[in-house]
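Please open the model in your viewer, with the sequence panel alongside it, and follow the selections below in order.

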Amino acid sequence: MADQEKFTSTVEIAATPEKIWSMVSDLPRMGEWSPENVGGKWKGGATEPAPGVKFKGNNKNGWHRWSGGAVINEAQAPSRLSFIVKVGGLSGATWSYDIEPTPGGCKVTESWLDTRNPLFKVGLVTKLATGVADRTAYAQELMDTTLANIKKAAEAG
């Protein structure tokens, strides 16, 4: 769609694609690296990502707290994870991680495809819900910080 925007962040990590896959695909642990996500739970008895598997993520920003349901749409170990997030049944975003081997480890690209309803792209509405008026700029900061934290954790051992 023409009104959808995609943002990406990429980092080189001195770790195997398998190690990074094990980190980014363990969505309940995402709160260890994300400045906004605080973790969540697999739904329906699932314990790992697969197409169609559901996950409920929890987020916070200051005193703002919200949950969103996610559905895995791609899980190709150790190279790609993608999931669609909805909040209150409304489309929010598609998040993805692409992991490519490099001579020194791997290149990891996190992407955020903004699929929000245009009403929720209005600064005041977004600020009331998440504490951030410019969600697109903030998403870029989130991805940069999340990948930096994953890099630090993966390279630490």
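Begin by selecting G105, which is found in strand β7, and keep in mind throughout that this is a predicted model. With a relative accessibility of 12%, G105 counts as buried. If residues up to four places away in sequence are set aside, G105 touches I13, A14, A15, P17 and E100. Add K19 to the selection: 86 residues separate K19 from G105 in sequence, yet the C-alpha to C-alpha distance between them is 9.8 Å.

One of the residues that G105 touches, P17, leads to the next stop, helix α1 (residues 17-24), in which P17, I20, W21, M23 and V24 are buried. Turn the view so that you look down the axis of α1: the buried residues fall within an arc of 160°, so they line one face of the helix.

From helix α1, keep W21 displayed and select R80, for W21 is among the residues in contact with R80 once neighbours within four places in sequence are left aside, the others being E74, A75, S96, Y97 and D98. R80 itself has its place in strand β5 (residues 80-87). Which side chains make polar contacts with the side chain of R80? One is that of E74, joined to R80 by a polar contact of 3.0 Å, and another is that of D98, where the polar contact is 2.8 Å.

Now show strand β4 (residues 64-76) together with β5; the two run antiparallel and are joined by 7 bridges. The connection from β4 to β5 is a hairpin through 3 residues. E74, already on display as a polar partner of R80, has S82 as its bridge partner in β5.

Next, colour the aromatic side chains, among which the count comes to 3 aromatic pairs. Select W42 and F55: their ring centres are 5.1 Å apart and their planes stand at 70°, so this pair is edge-to-face. Because W42 lies in strand β2 (residues 37-42) and F55 in strand β3 (residues 54-61), the pair ties together parts that are 13 residues apart in sequence. W42 counts as buried at 14% relative accessibility, and F55 is buried as well, with a relative accessible area of 6%.

Move on to W95 and W112, an aromatic pair that is tilted, with 6.1 Å from centre to centre and 50° between the planes. W95 belongs to strand β6 (residues 90-102) and W112 to strand β7 (residues 105-114), so here the pair ties together parts that are 17 residues apart in sequence. Both W95 and W112 are buried. Add F7 to this selection, since ring pairs link F7, W95 and W112 into a cluster.

Finally, clear the selections and display the whole chain, which has 3 helices and 7 strands. Traced along the sequence, these elements follow the pattern β-α-β-β-β-β-β-β-α-α. What share of the 157 residues counts as buried? The figure is 42% of the chain. Among contacts in the chain with a separation of 6 or more, 49% are accounted for by residues 24 or more positions apart. With a surface shown, bear in mind that the chain exposes about 8100 Å², of which carbon and sulfur atoms supply 56%.

Terms used. Residues numbered from 1 in each chain as written. Predicted model: local features only at pLDDT ≥ 70, side-chain atom pairs only at ≥ 80, totals over all residues. Heavy atoms only, no water. Phe/Tyr/Trp six-rings, centres within 6.5 Å; stacked < 30°, edge-to-face > 60°. Helix = DSSP H or I, 4+ residues; strand = E, 2+ residues; numbered from the N terminus. Buried < 20%, exposed > 50% of the residue type's maximum accessible area, 1.4 Å probe, protein only. Polar contact = N/O pair within 3.5 Å; in protein donor to acceptor, adjacent residues only side chain to side chain. Contact = heavy atoms within 4.5 Å. Areas by Shrake-Rupley, 256 points an atom, 1.4 Å probe, with all protein chains shown as cover. Pairing = 2+ DSSP bridges. Arc of directions from axis to C-beta.
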